[in-house]
Amino acid sequence: MAKSYPKSSFVGIDKEDCFPASNPGNCVFQIVDLLKGLPFKDNTFDYVYSRGMYYYFSFVEWQQVVEELRRVTKPGGYVELVETGPLFNNLGPYSSKFQNACATLIQAVGGDVYIPEKLGDYLAGFDDLTTDYASSPIGWKGRIGQLNLQNMELSYTAHKLRLCNYMRWTEEEYEVINEQGLAE
Ligand SMILES: C[S@@+](CC[C@H](N)C(=O)[O-])C[C@H]1O[C@@H](n2cnc3c(N)ncnc32)[C@H](O)[C@@H]1O
């Protein structure tokens, strides 16, 4: 986005130092725990975007987070949330194992596995609310399926530590689930 809009300035946050190594020059990155509040004044941003956070927040925390996103957005600005869910159709045994572990972990933190269908509820009270829901192929149906498969691969890697700790899986067990799950 920063590359597409070189005249705009962007601020990216994460609670971990996992930021991109390259920077088109109009981005700053800050380590921030969203649950502790954003270090920005009210009405700072024209556009606020959040993606891929379903794993981390309970429904109550989401309400707190959305309120914080609203606070830092200028009147007339936009807040956009994008979430994929952990539930997929027609899974094989290994990918089911991965999915069930993700769902268990999400529910353990009070999270909602049906979040993609309900994102609009999280933004209740915003003006001009629009929502969209799409179901998408993984590994089939051309480029979109390939991109989803790549995303799935990254997801297996990204969630490894948390899932192994929570499910008490060894690294070797996880590698089998990862490999077989992606093959399925
Ligand atoms: C699945 S990744 C998504 C990253 C990015 N938004 C994207 O779409 O590529 C979730 C990220 O949320 C971060 N995270 C989790 N809890 C957070 C919090 N309380 N405050 C800020 N970042 C948090 C994690 O460190 C992780 O990098």
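Tyr-49, in this predicted model, counts as partly exposed because 14 C-beta neighbours lie inside 10 Å, a count that falls between the 12 or fewer of an exposed residue and the 20 or more of a buried one. Tyr-49 belongs to strand S3, and its C-alpha is 31 Å in space from that of Lys-97, a residue 48 positions away in sequence.

Strand S3, which spans residues 45-51, is joined by six bridges to strand S4, residues 73-82, and the two strands run parallel. Within this pairing, Val-48 has Val-79 of S4 opposite it. Between the two strands the chain passes from S3 through helix H1, made up of residues 59-72, and on to S4, forming a β-α-β crossover that is right-handed.

The surroundings of the ligand can be described next. Around the ligand there are 13 residues, of which Lys-15, Leu-34, Arg-51, Gly-52 and Tyr-56 come nearest. Sorted by character, the residues of this shell comprise seven that are nonpolar, five that are charged and one that is polar.

A further residue to consider is Glu-173, which is placed in helix H6, the helix that covers residues 171-183. Because 13 C-beta neighbours are found inside 10 Å of Glu-173, this residue counts as partly exposed, the limits being 12 or fewer for exposed and 20 or more for buried. Measuring from C-alpha to C-alpha, Glu-173 and Val-60 are 34 Å apart in space, with a separation of 113 residues in sequence.

Key
Residues are numbered from 1 along each chain as its sequence is written. This is a predicted model: local features need pLDDT of at least 70, side-chain atom pairs count only at pLDDT 80 or more; totals for chains, interfaces and linings use all residues. Two strands pair if DSSP finds at least two bridges between them. Helices (H or I, at least four residues) and strands (E, at least two) are DSSP runs, numbered from the N terminus. A crossover is right-handed if, with the strands pointing away from the viewer, the path from the first strand over the helix to the second runs clockwise. A residue is near a molecule or strand if its C-beta atom, placed from the backbone, lies within 6 Å of it. Ala, Val, Leu, Ile, Met, Phe, Trp, Tyr, Cys and Pro count as nonpolar, Asp, Glu, Lys and Arg as charged, and the others, Gly among them, as polar.
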